[in-house]
Amino acid sequence: MEFSSLKIGSYEIKIPIIQGGMGLGISWDRLAGTVSANGALGVISSVGTGCYKNGVYADRLIEEKPVDAINFYSAKAFAKIIENARKICGSAPLAANIMCAANDYARIVKDACANGINIIISGAGLPTALPEFTQEFKEVALVPIVSSAKALKILCKRWLRFDRLPDAVVVEGPKSGGHQGFTYEQCTDPNYQLEVILPQVVSEAKEWEKSSGKPMPVIAAGGVWDKGDIEKMMALGASGVQMATRFIGTHECDAARGFKEVLLDAKEEDIRLIKSPVGYPARAVRTNLQNLIEKKLAPKIKCICNCVSPCERGKGAKAVGYCIAERLKDAMMGIKESGLFFTGANGHRLNEIISVKELLHKLTHGE
């Protein structure tokens, strides 16, 4: 099967594969820029940009950590990451992933637009106000992440207040890495798996296409691993796929070698759903961090970054025994003793580190 290009708003992605945004610091300039340069869509994660280049662009640090959301989501660092990605991909479409749950969400969205991001992908909550924050940047394509047809319907009705509809929509199933848009029970319930919810979202999107006369391609995400999976999603109505974990296994992935080694060494039973400070299940590799938490020996929690609103300035962190910003930063740096290593359900299948170019060839040719 030969794949057609993916059109999102006015942008054409030659290879209909979106590299999922991975924070903190897993998909920044090197990975996103290289993916876009090779014909797919690279996605810069906006999470923790203040940690870029050891915090050199943050205005205030305590214990080498950016202080408060204004520095954790550093505008100067974000601009530099986008600039450096552009040096790699040129004029090719480039996206940013921005979490609704992020403190300073509106400001981060505007920072992305002002620095030339073409496409904004937004989840971790329903981005009902995204069109409001992008009114001055009509050329920026908007792509929400949803977990059901009902969520897409609610979002489209809200967006009509701003005379806007999604340029595409990502439907993410419960096999994705990191935070899930489902309960623990739903994550293993057959009725909530991607192959079930994808056709429902496609059907809902088609209704909005009919009423608006504008295309709304649906992108499938969560557990997509190889060419066979991509073909399966296309057969169910998807126009493209989003993949994150698979791109960790590339030379260009911005994470330290130690992060990649954790996945290379992981077995299927090591990948589990864990409790997160934001109140949702999250999928990660079980490492020494979980042992430390269970023994109440995890690093002391001090909310310095104030990264996500659901954590309520460290309340959520204390409830589960770890600060997500600090543990993700450790993971980015490859610190295996205390890092939190997010991965999709298929992360144990990662067995080699290759170039982005080679990976995209494998995904499109099945070799």
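This is a conversation about a predicted model, in which a visitor asks what stands behind the terms used for it.

Visitor: What makes F72 and Y73 an edge-to-face pair?

Guide: The ring centres of F72 and Y73 are 5.0 Å apart, and centres within 6.5 Å make a pair; their planes meet at 85°, and because an angle over 60 degrees counts as edge-to-face, that is the name this pair receives.

Visitor: How do you know whether F72 and Y73 are buried or exposed?

Guide: The term buried applies under 20% relative accessible area. F72 has 1% relative accessibility and Y73 has 2%, so both F72 and Y73 count as buried.

Visitor: Why is the pair of F259 and F341 called tilted?

Guide: The centres of these two rings lie 5.1 Å apart, with the planes at 55°. Stacked pairs have planes under 30 degrees apart and edge-to-face pairs over 60, and the rest are tilted, so the pair of F259 and F341 is tilted.

Visitor: Why can one say that this pair ties together parts that are 82 residues apart in sequence?

Guide: F259 belongs to helix α11 (residues 257–265), whereas F341 sits in the loop between α14 and α15 (356–365), so the pair connects parts of the chain separated by 82 residues in sequence. F259, at 3% relative accessibility, is buried, and F341 is buried as well, with a relative accessible area of 0%. F259 is also one of the buried residues of α11, which include G258, K260, V262 and L263, and the buried residues of this helix pack against α10 (245–248), β15 (281–285) and α14.

Visitor: Why is T34 counted as buried?

Guide: T34, in helix α1, has 13% relative accessibility, and because buried means under 20%, T34 falls in that class. Apart from neighbours within four places in sequence, T34 is in contact with D29, I88, E252 and V356.

Visitor: D163 and R313 both have positive phi values, so what makes D163 exposed but R313 partly exposed?

Guide: Phi is about 55° in D163, which is not a glycine, and near 55° in R313, again a residue other than glycine. D163 lies in the loop between α6 (149–159) and β10 (169–172), and with a relative accessible area of 70% D163 passes the 50% limit and is therefore exposed. R313 is in the loop between α12 (288–294) and α13 (315–320), and its 43% relative accessibility falls between the limits of 20% and 50%, so R313 counts as partly exposed.

Visitor: What makes a set of residues a nonpolar core, and which residues have the most contacts inside the largest one?

Guide: Members of such a core are buried nonpolar residues joined through side-chain atoms within 4.5 Å, and the largest core has 115 of them, with I17, I44 and I120 having the most contacts inside it. Helix α8 (residues 194–212) gives the most to this core, with 7 residues. There is also a second, separate core of 17 residues, among them I8, Y11, A141 and I219. In soluble globular proteins, nonpolar side chains tend to be buried together.

Visitor: What lines the second largest pocket?

Guide: This pocket holds about 350 Å³ of space. Of its 15 lining residues, C51, Y52, K53, N54 and M332 are the closest to the centre. The lining divides into 6 nonpolar, 3 polar and 6 charged residues, and α1 (29–37) and α14 (324–332) each supply at least two of them.

Notes: Residues are numbered from 1 along each chain as its sequence is written. This is a predicted model: local features need pLDDT of at least 70, side-chain atom pairs count only at pLDDT 80 or more; totals for chains, interfaces and linings use all residues. Side-chain values use heavy atoms; hydrogens and water are left out. On a 1 Å grid over the protein atoms alone, a cavity is a set of points where a 1.4 Å probe fits but cannot get out, and a pocket is an open set with protein on both sides within 12 Å along at least five of seven lines; lining residues have an atom within 4 Å of a point. Grid points are joined across faces, edges and corners, and a volume is the space filled by probe spheres set on the points. Helices (H or I, at least four residues) and strands (E, at least two) are DSSP runs, numbered from the N terminus. Ala, Val, Leu, Ile, Met, Phe, Trp, Tyr, Cys and Pro count as nonpolar, Asp, Glu, Lys and Arg as charged, and the others, Gly among them, as polar. Buried means under 20% relative accessible area, exposed over 50%, partly exposed in between (1.4 Å probe, protein chains only). Rings of Phe, Tyr and Trp (its six-membered ring) pair if their centres lie within 6.5 Å; planes under 30 degrees apart count as stacked, over 60 as edge-to-face and the rest as tilted. Contact means heavy atoms within 4.5 Å.
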